[in-house]
Amino acid sequence: VRVKEESEVIEGEVVEIEIEKYSESDPNSNKKVGKMILKTTEMETLYDLGNKMIDALQKENIAAGDVICIDKSTGKITKIGKSFAKSKDYDAMDPNTNFVQCPEGELQKRKEVVHTVTLHDIDVINSRTQGFLALFSGDTGEIKNEIREHIDIKINEWQEDEKAEIVPGVLFIDEVHMLDIECFSYLNRALESEQSPIVIMATNRG
């Protein structure tokens, strides 16, 4: 399932980043403060940085000349690439380096974000008490029919509102001659569902 949502982002080219340690009471504190200048083709703005944002920038190795996107709701930073304007400043570059144009318009804008999840992931998150953590622990347990029906109704609502799109998966079954009549009966019922995957069967029996 591809789920679409609009989120507010800050997108621009990094002009300058200044980071320094600061604490009025404790000189040994790890607290950091900093400033970052972002620009588009039409405007330039100075942002004050807190400890959390500085850590995120350092984790992504953000430097002057990078074009970045910051999700305002989550604080997630994505490096889109390096600005074409800085391409001549480097003698040697990683072959995977992606050069992009400086963003246009306002720094703050609304952008459509697409999340790709499986129906099973949504079932697990809604069926277990630990929710999202069940995906990592592997403790998915039995998913009740009521949960699946509720999820199907919700997915259909998202489709009608054009908030989601279902992309059929592919189920490949090898040595299909080993399945008994009950397995084929189950598969036949499952394939009647609108959310059923494309099933490919293979066998080496003539």
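In which strand is Ile 198 found? Ile 198 sits in β10, and the views below start from the whole chain before coming back to this residue. This is a predicted model, in which local features need pLDDT of at least 70 and side-chain atom pairs count only at pLDDT 80 or more, while totals for chains, interfaces and linings use all residues. Residues are numbered from 1 along each chain as its sequence is written, and side-chain values use heavy atoms, with hydrogens and water left out.

**View 1. The whole chain.** The chain has 5 helices and 10 strands; helices (H or I, at least four residues) and strands (E, at least two) are DSSP runs, numbered from the N terminus. Of its 206 residues, 24% count as buried. Here buried means under 20% relative accessible area, exposed means over 50%, and partly exposed lies in between (1.4 Å probe, protein chains only). Among contacts (heavy atoms within 4.5 Å) with a separation of 6 or more, 55% join residues 24 or more positions apart.

**View 2. Glu 11 and its contacts.** Look for Glu 11 in strand β1, residues 2-21. Is Glu 11 buried or exposed? Glu 11 counts as buried because its relative accessibility is 11%. Leaving aside neighbours within four places in sequence, Glu 11 touches Thr 40, Ile 68, Cys 69, Ile 80, Pro 103, Leu 107, Lys 109 and Lys 111.

**View 3. Two cysteines.** Cys 69, one of the contacts of Glu 11, is buried because its relative accessible area is 10%. Cys 102 also counts as buried, at 15% relative accessibility. How many disulfides does a search of the whole structure find? The search finds 0, where a disulfide is a pair of cysteine sulfur atoms within 2.5 Å.

**View 4. Helix α4 and the residue after it.** Helix α4 covers residues 145-160, 16 residues in total. From first C-alpha to last, α4 reaches 23 Å, close to the 22 Å expected at 1.5 Å a residue; the expected span is 1.5 Å times one less than the number of residues. Just after α4, Glu 162 takes a positive phi of about 60°.

**View 5. A nonpolar patch.** Back to Ile 198: together with Val 170, Phe 172 and Ile 200, Ile 198 makes a nonpolar surface patch of about 400 Å². The elements giving two or more residues to this patch are β9 (170-173) and β10 (198-201). Patch residues have over 30% relative accessible area and no salt bridge (a side-chain nitrogen of Lys or Arg within 4 Å of a carboxyl oxygen of Asp or Glu); like charges are joined within 9 Å, and nonpolar side chains (Val, Leu, Ile, Met, Phe, Trp, Tyr) within 5 Å. Ile 198 counts as partly exposed because its relative accessibility is 47%.

Definitions and conventions
Accessible areas come from the Shrake-Rupley method with a 1.4 Å probe; for residues, only the protein chains shown count as cover.
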